[in-house]
Amino acid sequence: MSATIVSLPDQSTARIPKMNYLSKENGLLSWLLTGDHKRIAILYLISLSFFFFIGGALAGLIRLELLTPQADLMATDTYNKVFTMHGVIMIFFFLVPSVPATLGNFLIPLMIGAKDLALPKVNLLSWYLYIAGGTLAIYTMATGGVDTGWTFTTPLSTHYVNTNVLTTGLAVFIAGFSSIFTGLNFIVTIHKMRCPGMTWFRLPLFVWAHYAASILMVLATPVVAIAIVLVALERTLGIGVFDPTKGGDPLLFQHLFWFYSHPAVYIMILPGMGVISETISTFSRKRVFGYTAVAFSSVAIAVFGFFVWAHHMFIMGISNYAVLVFSLLTMLVAVPSAIKIFNWTFTLYKGSITFETPMLYTFGFMGLFTIGGLTGVFLGTSGTDIHLTETYFIVAHFHFVMVGGMLMAFLAGIHFWWPKMTGRMYPEKISQLAAVITFIGFNFTFFPQFILGTLGMPRRYASYPPEFQVLNVFSTAGATILGVGYLLPVLYLTWSLKYGAIAGNNPWQATGLEWQIQSPPLTENFTVTPIMDHEAYDYEWLENQNLAKEKSKEVTHAG
Amino acid sequence: MPDSPVIVHGASEADHHEHPAYLRHHFESVEQQADAAGFAMWLFLVTEVMFFGGMFTAYLIYRNWYYPAFVAASHQLDVRWGTLNTLVLIISSFTMAMGVWCAETRRKKGLVLCLMLTMILGLGFLGIKSIEYSEKIEKHHVPGFHYSLQSFTDPQSDSAVYAEYHDKPLPLDMARHTEIYFSLYFALTGMHALHMIIGIAILGFMIFRAQAGAYTSGHVTFVENFGLYWHFVDVIWIYLFALLYLISRHQ
């Protein structure tokens, strides 16, 4: 064992190490049967991107339909199916697993000084479950789709539609177990696999965020699983748990569904927040301001997140007192989120800020997430909610948080750790351009939807009154720009696999443990178990090390 | 450490120390491995609690709303069968616990015997459950298209149950709600039975492995964790027995 010392890249010998996790074994089977968390992360990254582009294509169809006030591109039934499949694929097959299954999988063992996740076989199983669920979702789409909306609202889903509710439900059920296993694996790993000296308050905030998200995955996902099972039993066998003709209550389904699906948005956003903590500290060369507050705010979001689900149901006939309580609790969730935003902003203060691509995405995240979060407070206020719910305001709010927040964070993370994952740098200039294009495209797409929502344009319709057309055209045009913004990284990142500059161990001169080993790492990650002997993000310490090194060089030179 | 902290070398520490063969490469010690697996199993059981929790919530709400229907419908369950099944499961939990002890003290024959007994008792539980299910099917108490309200609107037609409880006829709209009771009954006991079936399948696999001596050489994590699962399924049944069979049988 030995202490790990942060070191600067030695560019004179920059080359990809011959032995690494990518080159260790070859052939398809060595990937499909791997237990290596890094390879599983890559498998996830490829399959996630695939589903992202299917979901994205469906979004494109929606925006194209909404270019004109009439339902002219597709029949209204088809439109229902398109937005449902867009929601199902994007939420269950992209957003929920996005950062945890790729970056989390790849980095958590590296960050805590472990050789792998605690349960490698379970990790691989979770990928297979994801693929099984995803295949079923694609099958559903190919055989006619489903048109209930991604919320599977009863009794619509149990009694009134003839589309593939069962297969979609099963797909979500299976994907849910994939997510449960990922979360379970992370919790066990973070508890049991930390290297000597890696105390809880030396953990990178990325790990804290994933820990909080994992708690949500483990506790909330089984509830939606049982809700889906009951819907399936109701459709097939005709049991009556949600059936009003037998005395069942459709609202009960909503409670069970949102008990998962509200925490699920925190499952989606928390890992993204973890990425932002890493990038913002690295590119301002400063320790994250208020480390403890940011760490605990993740946990607070996870805890509060369980007690706000009914704010999705303000207009669905729950009692006024419940509305009051849930409205208050919803506003409380804004507090830990605000703690994060403020602390990140203070981290920037007097930092040596540089504007590499991950940092551009980070700035995008901070602005857009703040808008998305604040409009969430509007919607948590029951009076405003009754006016705005089921309009495009909801759509805009959700996409600001998820696309503006989460997707920006995902891209920030992918760019930030790309050198670690592949050993090569992405091309900087064009990536910065892509980040700017994404930001512009995003705002053109979704900001008009806030205005449309306040003007009263309802969501989930293929047609709309002609006076809304101008804003819809803006939105569709923005979506086109956004599409370019998402295609570019696919192209240049693929290009960089072969032609990118060699990154070296620590291209960002960051302090995290993952940067102290070779890129790409060995299958075993660390040849000797590291010992953590300093705080996370200890940039001051790093600067002192560098100064000392330079001084000793001067002394040698003089001598 | 020098500038390039990684020594490119295929061999790992494992070559230098004596480790039991079952220690996976990414763990430092056997204790860490057993700790991690046990912790993971407890977490998995937490997810199971949440899974059944959804149905228990539904039960709680509907029981409050449709109390008379729930009482009348619960009279259709035979407490004797339920008690017998509870006994069977508790004994199977005991044999499972003995199995874990046998594995820990490296008694191969004892382990195989205990696992076999557990499996037989598990199958016995399912057998008794299927007798109960077939009664429900005969009386058309399975929710759905063929559901019959006769036992509740006209209790005297159901002479066996009437002799025991002397139920008054329920008004039609309340009688309809008995279908919710049976929906939950079948959902809950069905999910429980599914867990039993999975458990029995794993038991079969374990008996096969135990005969080869896989669990009696010090590596008992798998048996221990399966034991936790089996006890958990047992505990769920205890709750089901209390909620579905026992409480408020008399109005």
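How many residues of chain B are in contact with chain A, and how many residues of chain A do they meet? In this predicted model, 41 residues of chain B are in contact with 46 residues of chain A. On the side of chain B that touches chain A, the helices α1 (30-65) and α8 (178-211) each supply at least two residues, and α1 of chain B gives the most, with 16 residues. If we sort the residues of that side by character, they divide into 23 nonpolar, 13 polar and 5 charged.

Let me stay with chain B for a moment and describe it as a whole. Its secondary structure comes to 9 helices and 0 strands, and its C-alpha trace spans about 85 × 50 × 30 Å along the principal axes. A compact globule of 251 residues would have a radius of gyration near 18 Å, whereas chain B has 24 Å. Buried residues make up 36% of the 251 residues in this chain, and, among the contacts in chain B with a separation of 6 or more, 77% are between residues 24 or more positions apart.

Now I turn to chain A, and to one helix in it, α15, which covers residues 428-455. Because a helix is expected to advance 1.5 Å a residue, the 28 residues of α15 should span 40 Å, and the end C-alpha atoms are 41 Å apart, which agrees. The same helix, α15 of chain A, bends by about 25° at A:F444, and a proline, A:P448, follows within four residues. Just after α15 of chain A comes A:G456, which takes a positive phi of about 105°.

Finally, some details of the backbone, for which one piece of background helps: most residues other than glycine have a negative phi, and most peptide bonds are trans. In chain A, however, a cis peptide bond joins A:T154 and A:P155, with omega about -5°, and A:P155 lies in the loop between α5 (120-142) and α6 (156-160). The peptide bond from A:S519 to A:P520 is also cis, with omega near -15°, and A:P520 is found in the loop between α16 (469-499) and β2 (530-531) of chain A.

The loop between α16 and β2 of chain A also holds A:Q509, which is not a glycine and yet has a positive phi of about 50°. In chain B, B:R106 has a positive phi of about 60° although it is not a glycine, and its place is in the loop between α3 (79-104) and α4 (108-138). Is B:R106 buried, exposed or partly exposed? B:R106 counts as partly exposed, because it has 14 C-beta neighbours inside 10 Å.

Notes: Residues are numbered from 1 along each chain as its sequence is written. Chains are lettered from A and ligands numbered from 1 in the order in which they are written. This is a predicted model: local features need pLDDT of at least 70, side-chain atom pairs count only at pLDDT 80 or more; totals for chains, interfaces and linings use all residues. The expected span of a helix is 1.5 Å times one less than its number of residues. The bend at a residue is the angle between axes fitted to the seven residues ending there and the seven starting there. Two residues are in contact if their C-beta atoms, placed from the backbone, lie within 7 Å. Ala, Val, Leu, Ile, Met, Phe, Trp, Tyr, Cys and Pro count as nonpolar, Asp, Glu, Lys and Arg as charged, and the others, Gly among them, as polar. The radius of gyration is taken over C-alpha atoms; the globule rule is 2.2 Å times the number of residues to the power 0.38. A residue is buried if 20 or more other C-beta atoms lie within 10 Å of its own, exposed if 12 or fewer, and partly exposed in between; C-beta atoms are placed from the backbone.
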